[in-house]
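Please read the following report alongside the sequence and the coordinates. It moves from a pair of helices to the strands and then to individual residues.

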Amino acid sequence: SLCPRSGPRPHSGRLRRRRLAVGETASGHAQIAAEGGHWREGGNLLFHTAIYVLLIGVAVAQLFGFTGQINVVEGTTFTDTRIVYGNIRAGRWFGIDDHRGFQVRLDDFDVTYHGSGVPDDFISTVTILDEGEVVREGSTIRVNHPLRYDGMKLFQLRFGMAPRVIVRAGDTVLFDDSVMLGDNGGVWTGTAKVKTSGPDQIALDLALLPDFGLDARGRPISRSPSAGNPVLFADLWVGDLGLERPIDASRFIRDGEPVAGVSLVPGGTSDPLVGNLTVEVAELPMWSGVQVSHAPGRWTMLVGSTRLLCG
């Protein structure tokens, strides 16, 4: 707006408070100037600074973070130390001494299913001990609801059945452990290495039907995924099985046919199978797969992503 200069301009202060520049041209005319685009430039600045904040958060997580996984059987305990975990991803600056050393005991595991047999919900109930003292009791870990303790998060990943199998040669116990079985289309399967008995090596191929029944052709099936009528089938292998090799139990050498087979319910013991060898299923606990994570940069990444969205 241009106008000749004629006396004082009483509204100039009000115009300046509205962020309008009031001045004069070179010819002495009054001039009012306005500038737009501040919101756009502010958003642009916010967006680009948010990228740097986000990158800092990612760098912190990669350098100081840790993720490890472990499978634990009901009634047993694991300690937060590097050696117990599998599938480890540790940051460059997350050392062995950075583990907290607390203990997690799996007191109970519960799973419910949909009518189709797909798991609906599975929950681990745990007790946390620190330096031998119980600090949390009855805490739960479930899908999408991790348990937090001492800067670490415990996530529920997977689960399975873990029959406790005992193999004896007369009165001598050759094997006594819970064997973690994996789901194979409704049948839980797994293998176990057994100590040698004399010159021979012994291994077991296991298949568990959680709710044993027979189909129309008389073949064994599992009527549901729940352990309503569990039956364990065990094939006994004896011979030169290559068990001395440091390999997974499932990769022992199968040459020919198993020497014996047996079906057992929890609490049952077989008759002598080969010589004086017997197989017993003492109990049928569950196992739970847990992921333990430390992610120190997550709040920085959250702030960065929020600023990014606002920008």
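Helix 2 and helix 3 are roughly antiparallel to each other, and, in this predicted model, the reason lies in the crossing angle: the axes of helix 2 (residues 38–64) and helix 3 (residues 298–310) come within 8 Å and cross at roughly 160 degrees, while angles over 145 degrees count as roughly antiparallel. The crossing of these two helices is left-handed.

On the side of helix 2, the residues that meet helix 3 are L46, F47, T49, A50, I51, V53, L54, I56, G57, V58 and A61; their counterparts in helix 3 are T300, M301, G304, S305, R307, L308 and C310. Sorted by character, the residues of this contact comprise 12 nonpolar, five polar and one charged.

Turning to the strands, an open sheet of five strands is arranged in the order 5-3-21-10-9, and its pairing is antiparallel. Because strand 5 and strand 9 each have a single partner strand, they stand at the edges, and one side of each is left without a neighbour in the sheet. Direction ignored, neighbouring strands of this sheet are turned against each other by 25 degrees on average. At the strand 9 edge, three bridges connect strand 9 to strand 10 (residues 152–161) in the antiparallel sense, and Y149 has M152 in strand 10 as its bridge partner.

Elsewhere in the chain, strand 18 (residues 231–239) runs antiparallel to strand 15 (residues 200–209), to which it is joined by nine bridges; within strand 18, V231 stands opposite L209. Strand 18 also pairs with strand 19 (residues 260–264), again in the antiparallel sense, over five bridges, and here F233 has S263 in strand 19 as its bridge partner.

Which backbone angle is positive at N87 although this residue is not a glycine? The angle is phi, at about 50 degrees for N87, and N144, which is not a glycine either, has a positive phi of about 65 degrees. N87 belongs to strand 5 (residues 86–90), one of the edge strands of the five-stranded sheet, whereas N144 lies in the loop between strand 8 (133–142) and strand 9 (147–149). The table sets out the accessibility of both residues.

| Residue | Relative accessibility | Class |
|---|---|---|
| N87 | 56% | exposed |
| N144 | 70% | exposed |

N87 therefore counts as exposed at 56% relative accessibility, and N144 does so at 70%, the cut-off for this class being over 50%.

Definitions and conventions
Residues numbered from 1 in each chain as written. Predicted model: local features only at pLDDT ≥ 70, side-chain atom pairs only at ≥ 80, totals over all residues. Heavy atoms only, no water. Axes fitted to C-alpha atoms, helices over the stretch in contact; angles between N-to-C directions. Helix = DSSP H or I, 4+ residues; strand = E, 2+ residues; numbered from the N terminus. Parallel < 35°, antiparallel > 145°, perpendicular 65-115°, else oblique. Left-handed = near helix turned anticlockwise from the far one by under 90°. Contact = heavy atoms within 4.5 Å. Nonpolar A, V, L, I, M, F, W, Y, C, P; charged D, E, K, R; others polar. Pairing = 2+ DSSP bridges. Buried < 20%, exposed > 50% of the residue type's maximum accessible area, 1.4 Å probe, protein only.
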